[in-house]
Structures are given as C-alpha cells and as structure tokens.
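Student: I should be grateful for a close look at how the helices and the sheet of this structure are arranged. Please take me through it step by step.

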Amino acid sequence: MNTVLDFKLIANKNGKCLDEAKLHTQYKIKYIKDYVRRWLNVAVNSRQRNIVFIDSMCNAGIYKNGVKGTCIEVIELFIEYAKENQAKQFYVFLNDYDQDKIMVLKKLISNYNTPNNLRINITDKDVVKYLTLLIEKNIFSNSCFTLLYTDPYNFGIPNLLTTIKTFIDKFYCELLFNYFSSDVTRNKNNTSAKNKMSKIKNELSSVITDINIDDDENKEILNKLISTYKDTKNIKYSFAYRFNNTNNAELYYIIFFTPNKRGLELIKESIWKVFNGEESFKKQIDIDKSQLKLFNTDDLLISTYSGPMKESIIKLAYEKGELSYDDIETYVLENSLLKDSHIIKPIINPLLEGGILEKITPTGVRKNNYKESKYKINDKV
Ligand SMILES: C[S@@+](CC[C@H](N)C(=O)[O-])C[C@H]1O[C@@H](n2cnc3c(N)ncnc32)[C@H](O)[C@@H]1O
C-alpha cells in the first residue's frame, strides 16, 4: 500500500494538541529537510553502515494547518533512501515529552510502509533524560553516521547544554541546535523576570566559563557558546543561521556543528537554496521571487558579503604569514554567508589581481590550481 495521507484532515481531527506553524517554523522545517537530503546523499556513500537521525524534541510531526513537521519530512526521506540503499541500516529516533503529541506522531507513522532496513524509535521523555539515556546506552559508537537535532521553544532547560556537550563529545556526529537567543536578550532587560534570568545564567555558565551575561553583547554570548561546543573532541566547524520574527527582530539561531568540512559546504548550499542566500530568515523572504529576479540578487549578495571577507582574509594573511586554500575556505564558510563556489572569483582573484596577495604554486602543480596553492601578502606592495 502506498501512503497518501490527508494531512489537513489529520490536523483537523487532532487540532487541540497541535502547534501553529508560523512562517519561520515552516522555513526552519524546509531548511532542515533540505540539509538532511544532502546529508543522506553523503551518508549512503560513506563507509558507515548505520545512518542515524535523532530528533530529541520532535513535536507531533504535523501542525495545525496540516504542515508536516521536520520528523515526518525526515521519515519520508529515510523511507526513500532506505529503499534505494538496502545495504545500509537506517534509524530514526524521535522524542518529545508531550504525550499527546507523541500519540499523534505514532498514529501518523503507523500509516507509513517502512522498509525492513529502517527502524523508527519513538519515546516521550524529558529531553535531558532522553539524551542521557542515549549516552549511557552508548549505541552510536560503532559505524554510525549520526545527526542530532535539538529544537526547543525557548532557552534555559536546565542541564540541556551540558548534556548535548557530553553527547557530541562521546559520539562522532553532527548537531543542529536551536539557540533561542531572544529569550536571553529579552529577559536580560526585564527586572520582573529574575527567576527566568537566573535559570538562563545557570544554563549558560554550565558550559561557558568566561561568560558575563550582563556585559557580554548578544553576539559575544553566541560566539562563546559556539566555541565551547567546538572545543569538544570531534566538532571542527560551525555555522549559525539567524531567524527573525514577523517584526524582523532576532528570534533564534539554528547552529550547525560538524566534524567534517563537507557538512559545512552542504549547509551553505541549503541556505542558498532555501533562503536565497539572505543573511537571516525574515518575513520578506516569502516575496514572489520572480519580482526580485528583475535584479540579479545573487550577484548583489555575493558582492555585499565578499567585501568584508576580502578585508578579513588580508588580516588573516598578515597574522599567519601564509594561508592555504583550506584556511581561506574555512574562514569564509564559517564567517560569512558565502558558499564554496563564491571563494575563487569573488575573493581570491580580486586580491591577486589587485596585487595584495600572491599565489605560490608548488612545483609539479598546475599554475591554475587554486586548491593546492598557498597565499601570502605580496611583498612588492
Ligand atoms: C519547537 S518544537 C519542535 C519542532 C520540531 N523540531 C519541528 O521542526 O517540527 C519544541 C518541542 O519540544 C518539546 N519540549 C519542550 N520541552 C521539552 C523537554 N524538556 N523535553 C522534551 N521535549 C520538550 C515540546 O513539546 C515541542 O513539541
């Protein structure tokens, strides 16, 4: 039997316990789904036999207006990939402490025909208890290609940050974490939210030793949080994408952490696909793209982002003396919206042509090979 579910009908029947999918939520779902598809393409070609997606705060899989939640989108992708890749074993772990939501999710999933090489595990625990249990069971150690998603409504769930840190320290995996920065900002200036703020402070200082919540700028707190997670055994790269609310004020960041440069390249592809390379998700992103296409928005964005990046690369070259292509690529991918294909033409070439950088190509390597060349400040300038 092929499953064609009427999501609007199911949403109407289960209306009471379902959330509304605001525009930013819908785009967050599109973003994660787009990335998971790219990630799966890498996973099925990797050496690892087990492909694991964990959504530790997964919601009901469906929203009030019939919009599919991330976990259902992921299940559908996993069914497609599991059928095509019989030699691999696929696992989806879903958890949410709201029992009504989990009941809806279980009903929804029971309608799908899942291939034998796909296992779906659904639980209704508190996220910290759930992740602690997964850590204790130690099941993702061997031959697992793992992606953990943790997406709370707000910031300050006690012990969540340390538990995630232990998880990524123990298991070789990628992480997508929703850092609800607006909760920190809003409560900082609200004298009647002392309890909430003390919870937030405790939570942040549980992983960040040099935090000073009253004085640190919001961006500084975000960067410190990113640094502590990058200090773990496997994580090497990160990127934080900002989501704004309908008034265009900052709401949260989806922070992506990965041990692998390929992951960083792919998340950027998703950002350009889903958000057209816009700096953050905002209401206007939904404007009919055909109107925007009167101008070449890609070129405009690339030149806007590459200006400051050229300056930063010059500074970096002064500091380090010599840069590899990899140094430049990592810096640009982590610190701007630019993606892999925006590095040579918009950044490296203008710096070479302007005589600011010089390219040193090792003997035996073709002159037009950028990736194996080194770059340094041109002494003749
Ligand atoms: C923002 S929603 C998740 C949305 C989901 N990622 C999606 O894309 O469809 C947050 C979910 O976390 C759940 N939640 C909140 N606090 C929790 C906790 N301490 N433990 C487990 N789940 C929790 C809520 O019930 C809610 O369903």
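Tutor: In this predicted model, helix α9, formed by residues 218-230, lies across strands β5, β6 and β7. The direction of α9 makes an angle of about 145° with β6. Helix α6, residues 160-170, lies across β4 (144-150), β5 (173-179) and β7 (250-258). Relative to β5, helix α6 runs at about 165°.

The strands just named belong to an open sheet of eight strands with mixed pairing. Read across the sheet, the order is β3-β2-β1-β4-β5-β7-β6-β8. The edges are held by β3 (118-123) and β8 (280-281); each has a single partner strand, so one side of each is left without a neighbour in the sheet. The partner at the β8 edge is β6, residues 237-244, and the two strands pair in the parallel sense over two bridges. Within that pairing, arginine 242 has serine 280 of β8 as its bridge partner.

We may now turn to the packing of helix against helix. Two packed helices are described by the angle between their axes and the distance between the axes. Helix α2 (residues 23-43) and helix α3 (residues 70-84) have axes that come within 9 Å and cross at roughly 20°. Because angles under 35 degrees count as roughly parallel, α2 is roughly parallel to α3. Their crossing is right-handed. On the α2 side, the contact is made by Ile29, Ile32, Lys33, Val36, Arg37 and Leu40, and on the α3 side by Thr70, Glu73, Val74, Leu77 and Tyr81. Sorted by class, the contact of α2 with α3 comprises seven nonpolar, one polar and three charged residues.

Helix α2 also packs with helix α10 (residues 261-275), at an angle of about 140° and with the axes 9 Å apart. The two helices, α2 and α10, are therefore oblique to each other. Here too α2 makes a right-handed crossing as it passes α10. From α2, the contact draws on Tyr27, Lys30, Tyr31, Asp34, Tyr35, Arg38, Trp39 and Val42. From α10, it draws on Arg262, Leu266, Ile267, Glu269, Ser270, Lys273 and Val274. By class, the contact of α2 with α10 has eight nonpolar residues, one polar residue and six charged residues.

Conventions
Residues numbered from 1 in each chain as written. Predicted model: local features only at pLDDT ≥ 70, side-chain atom pairs only at ≥ 80, totals over all residues. Pairing = 2+ DSSP bridges. Helix = DSSP H or I, 4+ residues; strand = E, 2+ residues; numbered from the N terminus. Contact = placed C-beta atoms within 7 Å. Axes fitted to C-alpha atoms, helices over the stretch in contact; angles between N-to-C directions. Parallel < 35°, antiparallel > 145°, perpendicular 65-115°, else oblique. Left-handed = near helix turned anticlockwise from the far one by under 90°. Nonpolar A, V, L, I, M, F, W, Y, C, P; charged D, E, K, R; others polar.
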